[in-house]
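Please find below a short note on the model, set out as numbered points.

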Amino acid sequence: MEEARIGIDLGGTTVKLGLFYGEQVEEKWEIPTRKEENGAYILADIADSIEKKLKEKGIEKKEVIGAGIGVPGPVDGKGIVHGCVNLGWGIFSVEEKLGTLLGLPVKAGNDANVAALGELWQGGGKGYQDMVMITLGTGVGGGIILDGKIRAGIHGAAGEIGHMPVVYEEKEYCNCGKKGCLEQAASATGIVKVAKRLLEHTNQPSVLRDKVEFTAKDIFDEAKKGDIVAIEAVEKLGEYLGIACAHIACVVDPEVFVIGGGVSKAGMVLIEAIEKYYKEKAFKETKQAIFKLAELGNDAGIYGAARLI
């Protein structure tokens, strides 16, 4: 049997863990993320859970290559976390601390970058070496993989696609303190805001007008049924994302863009909207980039973390 390795996806509510042999996940499990006392117990809880799982499965430490972990914050190339606000963490080496607790080699990365690596390895980016992943959820995240490796940047901020300024007419501030971030229009909450603004400035009939509140899913569902305002909102989303991807392609020239996150469940209507504007805006040598949907869902993080090690 191939050597074992552990993939860890650290989230603000739960920690997802996976035991891998080769390319296959043998078992997946979760533990709660204890954020008390500025997250002081998190890594010890993870180490304890892994120790118990290895004992339960009759696996000795010498059979395990090591563990990879994705964390919700910037991580540099040396495995140093530069703060995780929602966990209460400051700056420290997560690789060194978790490695000491486990008695195993540990590699760490930003969760979005690690999820991107998972998609490259076993998901929508499989078979490619140069990929950009864009995750559309409550916010907009991303990961850049070049020559099969994560590119985190000097501060661990490479791939912070959501804070690329593209919505030049935006008057409200993003959570990051700037105005006009991609996240303000292309996240699940962003597309809802775009649709509401369209409703305010048009008299077009729309099913969305009849709803007290509506979600990104509602917008895509109604667009598929032909609702004019919903279609316009999806087009606007596609335009912003197409422009952002055209900017990205001028810098990294990827083979493939993989689109994930909750909003990506809209399917090909989303991909087609992005591609339309990408082809229009992209530099001619980068127009051939492929757009694909992510395939691993919530497991992308553990796959990518296992691949890290």
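1. Contact here means heavy atoms within 4.5 Å. Axes are lines fitted to C-alpha atoms, for helices over the stretch in contact, and angles run from 0 to 180 degrees between N-to-C directions. Helices (H or I, at least four residues) and strands (E, at least two) are DSSP runs, numbered from the N terminus. The model is predicted: local features need pLDDT of at least 70 and side-chain atom pairs pLDDT 80 or more, whereas totals for chains, interfaces and linings use all residues. Residues are numbered from 1 along each chain as its sequence is written, and side-chain values use heavy atoms, with hydrogens and water left out.

2. An open sheet of five strands follows the order β3-β2-β1-β4-β7, with mixed pairing (at least two DSSP bridges between two strands). Since β3 (24-32) and β7 (106-110) are the edge strands, each with a single partner, one side of each is left without a neighbour in the sheet. Parallel strands β1 (4-10) and β4 (64-71) are joined by five bridges.

3. Helix α4 (111-122) lies across β1, β2 (14-21), β4 and β7, at about 105° to β7. Helix α10 (300-308) lies across β1, β2, β3, β4 and β7, at about 130° to β1.

4. Helix α8 has 25 residues, which at 1.5 Å a residue (times one less than the number of residues) should span 36 Å; its end C-alpha atoms are 36 Å apart, in agreement. Just after α8, Asp253 takes a positive phi of about 50°.

5. Leu270 touches Leu136, Phe220, Leu237, Leu241, Ile259, Val263 and Ser264, leaving aside residues up to four places away in sequence.
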